Amino acid sequence: MRIVGFVPDLMDRSRLGGAVEVVTEPASLVGVSADLVVVDLGRDGVLEVVGRIDVPTIGFCAHVDDELMSAATAAGCDEVLPRSRFFRRIAQLVADDR
């Protein structure tokens with residue numbers, strides 16, 4: 001499974017364990033060839049492009065940011081998760097792929 005993501009935070013990247021190919025700009029995700037895209041919803045530019053990504057997309061943000069979660073869903077993000085649930089889910093996806 002090829003997973004591509006926009007995850008600028010170095011601590012978050014380290015939690016991904018190299019399972020995600022990271023891009024440096026959210027616009028790079030539009031037209032990307034991948035099985036799954038993951039995005040940090042709290043970063044500038046993400047909501048503007050999430051609806052134009054042609055592959056399943058999982059976004060994450062702080063669990064208390066209900067407004068951002070709703071905005072991401074409205075923008076076209078396929079699955080929106082609180083940060084803690086996202087990291088459990090991505091670990092499961094990677095493990096299932098091995």
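**Exercise 1. Strand 1 and its partners**

Which residue of strand 3 is the bridge partner of valine 4? Work out how strand 1 is paired and how its residues are placed.

*Solution.* The model is a predicted one, in which local features need pLDDT of at least 70 and side-chain atom pairs count only at pLDDT 80 or more, while totals for chains, interfaces and linings use all residues. Residues are numbered from 1 along each chain as its sequence is written, and side-chain values use heavy atoms, with hydrogens and water left out.

Step 1. The bridge partner of valine 4 in strand 3 is valine 37. Helices (H or I, at least four residues) and strands (E, at least two) are DSSP runs, numbered from the N terminus, and two strands pair if DSSP finds at least two bridges between them.

Step 2. Strand 1 (residues 3-6) and strand 3 (residues 36-40) are paired in the parallel sense, over 4 bridges. Strand 2 (residues 21-22) also runs parallel to strand 1 and is joined to it by 2 bridges, with valine 22 of strand 2 as the bridge partner of glycine 5.

Step 3. In a regular strand the side chains alternate between the two faces of the sheet. In strand 1, Ile3 and Gly5 point one way and Val4 and Phe6 the other way, and all are buried (under 20% relative accessible area; exposed is over 50%, and partly exposed lies in between, with a 1.4 Å probe and protein chains only).

**Exercise 2. The sheet order and the crossover**

Find the order of the strands in the sheet, and name the strands at its edges.

*Solution.* Step 1. The sheet is open, has 5 strands with parallel pairing, and follows the order 2-1-3-4-5. Its edge strands are strand 2 and strand 5 (79-82), each of which pairs on one side only.

Step 2. Strand 3 pairs with strand 4 (residues 57-61) in the parallel sense over 4 bridges, and valine 39 stands opposite glycine 59 of strand 4.

Step 3. Strand 1, helix 1 (residues 10-16) and strand 2 form a β-α-β unit that is right-handed, a term that applies if, with the strands pointing away from the viewer, the path from the first strand over the helix to the second runs clockwise.

Step 4. The loop between helix 1 and strand 2 holds valine 20, which counts as buried at 9% relative accessibility. Leaving aside neighbours within four places in sequence, valine 20 is in contact (heavy atoms within 4.5 Å) with Ile3, Val4, Gly5 and Val38.

**Exercise 3. The nonpolar cores**

Which residues touch the most other members of the largest nonpolar core?

*Solution.* Step 1. A nonpolar core is a set of buried Ala, Val, Leu, Ile, Met, Phe, Trp, Tyr and Cys residues joined through side-chain atoms within 4.5 Å. The largest has 19 residues, of which Leu29, Val37, Val39 and Leu41 touch the most other members.

Step 2. Strand 1, strand 3 and helix 3 (66-75) are the elements that give two or more residues to this core, and helix 3 provides the largest share, 3 residues.

Step 3. A second, separate core of 14 residues includes Val38, Phe87, Ile90 and Leu93.

Step 4. Returning to valine 39, and not counting residues up to four places away in sequence, its contacts are Phe6, Leu29, Val46, Thr57, Ile58, Gly59 and Phe60.

**Exercise 4. The surroundings of phenylalanine 87**

Explain why the pair of phenylalanine 86 and phenylalanine 87 is classed as it is, and describe what lies around phenylalanine 87.

*Solution.* Step 1. Rings of Phe, Tyr and Trp (its six-membered ring) pair if their centres lie within 6.5 Å, and planes under 30 degrees apart count as stacked, over 60 as edge-to-face and the rest as tilted. By this rule there are 3 aromatic pairs. The ring centres of phenylalanine 86 and phenylalanine 87 are 4.9 Å apart and their planes stand at 80 degrees, so this pair is edge-to-face.

Step 2. Ring pairs link Phe60, Phe86 and Phe87 into a cluster. Phenylalanine 86 is buried at a relative accessible area of 0%, and phenylalanine 87 is buried at 7%.

Step 3. Over the ring of phenylalanine 87 sits the charged end of arginine 15, 4.0 Å from the ring centre (the rule asks for NZ of Lys or CZ of Arg within 6 Å of the ring centre and within 35 degrees of the ring normal).

Step 4. Aspartate 12 lies in helix 1 and is buried, with a relative accessible area of 7%. Apart from neighbours within four places in sequence, aspartate 12 is in contact with Val7, Asp40, Phe60, Arg83 and Phe87.
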